[in-house]
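Reader: I'd like a close look at one part of this model, and I'm happy with a long answer. Here is what I have open.

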Amino acid sequence: MKLNGQGIVITGASKGLGKALAFELGRRGARLFLVARNEEVLDRVVRSLREDGIEAHGWAADVADKDAVYPLAGAAQTALGHVDVVIHNASALGPSPLRPLLDTDCEDLERALAVNLIGPFRLSKVFAGSMAMRQHGWIVHVTSDASVSAYPTWGAYSVSKAGFDHLARVWAAELDGFGVRMLSVDPGDMNTDLHREAAPADDPTTLLDPEEVAERLVDFLETAEAVPNGARVSLSEWRAPRWKSGDALATSIGGTRS
Amino acid sequence: MKNADYPRSRSEDERLLWVDPRTGTYRDGALAQLPDRLRRFDLLVVNDAATLPASLPFHLENDSRGLELRLAGQGQDEVTWWAVLFGPGDWHIPTEHRPAPPKVAAGDRVWVGSISALILEVSSLSPRLVRIRFEAGAEQLYREIYQLGQPVQYSYVRRNLALWDVQTHYGGRPWALEMPSAGRPLTWDLLARVREKGVSIAALTHAAGLSATGDPALDAALPLPERYELPERTVAAIASARKNHGRIIAVGTSVVRALEGNAAANEGRLRAGSGIVDLVLGPGHALNVVDGLLTGMHEPGTSHFALMEAFVSGAKLEPALEYADTHGYLQHEFGDSMLLLPERSVARTVKAPLSRPPRYRSPLHEKCGAIPAARA
């Protein structure tokens with residue numbers, strides 16, 4: 001995927017990986033529309049990107065809010081014109097602190113599903129139709145190893161991310177013939193607010209730095225043409241040279257190739 | 001004809017009246033049968049503009065009685081707009097019965113939420129039609145539009161329409177001020193079945209404007225000049241369909257207007273790019289590009305009916321519409337569809353300049369001086 005000049009929407013962009021992705025994509029020439037709940041923090045990120053000469057626009061919204069979807073998409077497409085890439089990066093942990101499913105309130109599960117699964121579905125639905133009509137578009141799901149491993153106490157987050165991965169696969173199966181590509185990327189355990197909330201006792205020096213992860217993730221996106229549509233990619237296992245060889249990947253990451 | 005008074009849940013079950021423009025014969029069916037009416041190498045051209053919430057509350061310095069401003073078309077930049085002002089009231093009152101707005105003059109200010117707008121001019125067409133410049137940046141303006149705006153509402157609809165009620169399944173940039181409604185029932189399932197028939201689908205973006213203003217003089221001048229963008233890909237798709245004797249089928253009157261307007265401005269040939277179209281189509285207009293039209297049910301006397309008469313004479317269309325009326329077809333934005341489609345491609349491929357350009361220049365166009373004309 002070429003990034004220079006592309007119109008990219010990033011959710012959860014005011015801090016952590018989302019913010020780091022904004023700077024990294026901006027440095028490589030992408031034009032950005034950033035979404036986060038906290039307007040004040042987001043404005044600071046947008047200003048600082050602009051100081052670096054990066055085209056950036058901010059939009060305060062909660063991706064779980066149904067009424068926010070069309071305004072967000074409309075504003076993104078007045079600011080950027082056609083949107084080429086959507087990165088679903090916003091994420092909710094569920095109950096905090098984490099607790100076993102038997103102790104999880106249904107409302108906490110609902111919140112995790114709303115932010116991590118239903119919100120991204122709604123947002124993809126408004127962007128993917130126009131992408132399919134233009135035969136061009138990328139939608140990236142930022143996922144987690146919790147979507148494949150069953151870690152105790154991570155239930156709400158886990159099931160929402162498992163659904164999220166599979167959502168990308170089904171989108172890909174349906175839209176592959178329309179030029180729309182879907183990928184799930186697991187960035188690994190990073191030193192972010194979400195990780196601190198989940199595991200406050202973890203030593204931050206053992207965690208990945210979101211800026212380094214963003215750089216790797218963007219390197220990956222630049223070569224992602226070769227990855228089968230709908231694939232789930234674990235960034236820690238990704239090695240740039242090997243991955244450029246295309247079809248060999250299909251079996252190792254279990255995507256659909258049509 | 002009865003009005004469709006709310007969006008229906010399964011658009012494939014909506015009805016489709018197929019009319020052969022040559023003979024006037026018609027056939028009754030369901031929209032799900034659309035693919036059966038098409039064949040390999042045909043091309044559907046859709047308008048991929050999403051719909052902006054173009055109905056905004058506004059007030060004057062000394063008057064704040066629930067006044068309404070409808071964006072009617074973008075001017076020379078993102079914060080300069082043509083707008084139609086309405087007096088107090090809401091969608092429960094038919095547009096033609098809405099009280100007149102307070103009198104305004106160039107130099108006055110109106111407010112939309114916290115944003116002021118300077119009235120640059122009042123149109124000679126109607127005192128309701130004004131050109132305004134919002135005194136804010138584009139980002140702030142769109143924030144206000146999405147916060148305070150609603151989609152333009154219709155008095156025959158039984159409930160308030162939400163923003164998602166007035167979108168097509170493929171809308172992108174929110175350029176349309178009312179929904180390009182002919183494309184509303186085209187689901188992706190239907191589009192995929194159309195493609196399986198070997199039919200291609202291409203898009204242009206056309207800033208479809210207001211359908212009613214409450215002022216008969218202004219209504220008679222509709223549609224106002226509208227901006228559009230015709231991508232290179234779509235021009236190529238039309239050329240390719242032509243070469244294979246496929247038919248070019250416009251989804252909606254806005255697509256006909258953009259394509260024919262573009263061709264008329266370029267000596268009968270399509271040129272990719274963006275521009276303003278002021279062409280108003282009517283009976284006897286020779287079509288250069290478009291062979292067929294998928295559209296809603298339109299009754300005689302409307303500008304949409306006049307446009308259909310470029311495809312089929314009113315005399316041949318009326319029996320079909322009468323059938324539709326007596327057999328339960330529904331009209332308006334959420335109504336049933338009609339397909340005007342000839343057996344063979346009929347549009348001319350004009351190589352030489354048109355001898356008599358069939359153009360209508362609305363007085364408004366002259367005032368859009370700052371807007372670039374259709375780019376060659």
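Which residues touch the most other members of the largest nonpolar core? Please start there and work outwards.

Author: Quick housekeeping before the core. This is a predicted model, so local features need pLDDT of at least 70 and side-chain atom pairs count only at pLDDT 80 or more, while totals for chains, interfaces and linings use all residues. Residues are numbered from 1 along each chain as its sequence is written, and chains are lettered from A and ligands numbered from 1 in the order in which they are written.

Now the core. Ala22(A), Leu34(A) and Val45(B) touch the most other members, out of 189 residues in the largest nonpolar core. A nonpolar core here is a set of buried Ala, Val, Leu, Ile, Met, Phe, Trp, Tyr and Cys residues joined through C-beta atoms within 7 Å. Buried means 20 or more other C-beta atoms within 10 Å of a residue's own, exposed means 12 or fewer, and partly exposed is in between, with C-beta atoms placed from the backbone. The biggest contribution to this core comes from helix α4 (residues 106-134) of chain A, with 10 residues. Helices (H or I, at least four residues) and strands (E, at least two) are DSSP runs, numbered from the N terminus. From chain B, the core takes at least three residues from each of domain 1 (2-51 + 159-361) and domain 2 (55-148), with bounds that come from an automatic or database domain assignment. As a general backdrop, nonpolar side chains tend to be buried together in soluble globular proteins.

Zoom in on Ala22(A). Skipping its neighbours within four places in sequence, Ala22(A) is in contact with Ile10(A), Ala13(A), Leu32(A), Leu34(A), Val45(A), Leu49(A) and Ala56(A); contact means C-beta atoms, placed from the backbone, within 7 Å.

One of those partners, Ile10(A), leads to strand β1 (residues 7-11) of chain A: 5 of its 5 residues are buried, so β1(A) is largely enclosed by the rest of the structure. In a regular strand, side chains alternate between the two faces of the sheet. In β1(A), Gly7(A), Val9(A) and Thr11(A) point one way, with Ile8(A) and Ile10(A) pointing the other way. β1(A) pairs in the parallel sense with strand β2 (residues 31-36) of chain A over 5 bridges, where pairing requires DSSP to find at least two bridges between the strands. Across that pairing, Gly7(A) sits opposite Arg31(A) of β2(A).

Still in chain A, look at Pro97(A), in the loop between β4 (85-88) and α4. The peptide bond leading into Pro97(A) from Ser96(A) is cis, with omega near 0°.

Over to chain B, which has 9 helices and 17 strands. Its radius of gyration is 20 Å, close to the 21 Å that the globule rule gives for 376 residues, so chain B is as compact as a globular protein of that length. That radius is taken over C-alpha atoms, and the rule is 2.2 Å times the number of residues to the power 0.38. Of the 376 residues of chain B, 49% count as buried.

How do the two domains of chain B meet? Their centres, taken over C-alpha atoms, are 29 Å apart. The contact joins 15 residues of domain 1 to 15 residues of domain 2. On the domain 1 side, α4 (216-220) and β12 (226-230) of chain B are the elements that give two or more residues. That side divides into 9 nonpolar, 3 polar and 3 charged residues, counting Ala, Val, Leu, Ile, Met, Phe, Trp, Tyr, Cys and Pro as nonpolar, Asp, Glu, Lys and Arg as charged, and the others, Gly among them, as polar. In the loop between α4 and β12 of chain B you'll find Pro223(B), and the peptide bond from Leu222(B) to Pro223(B) is cis, with omega near -10°.

The chains touch too, through 16 residues of chain B and 14 residues of chain A. Helix α2 (residues 138-148) of chain B gives the most to the chain B side, with 3 residues.

Last stop: the loop between β16 (330-331) and β17 (337-340) of chain B, home to Glu333(B). Glu333(B) counts as buried because it has 21 C-beta neighbours inside 10 Å. Setting aside residues up to four places away in sequence, Glu333(B) touches Tyr154(B), Met179(B) and Ser181(B). His332(B) lies in the loop between β16 and β17 as well, but is partly exposed, with 19 other C-beta atoms within 10 Å. His332(B) also has a positive phi of about 80° although it is not a glycine.

Technical notes
Contact = placed C-beta atoms within 7 Å.
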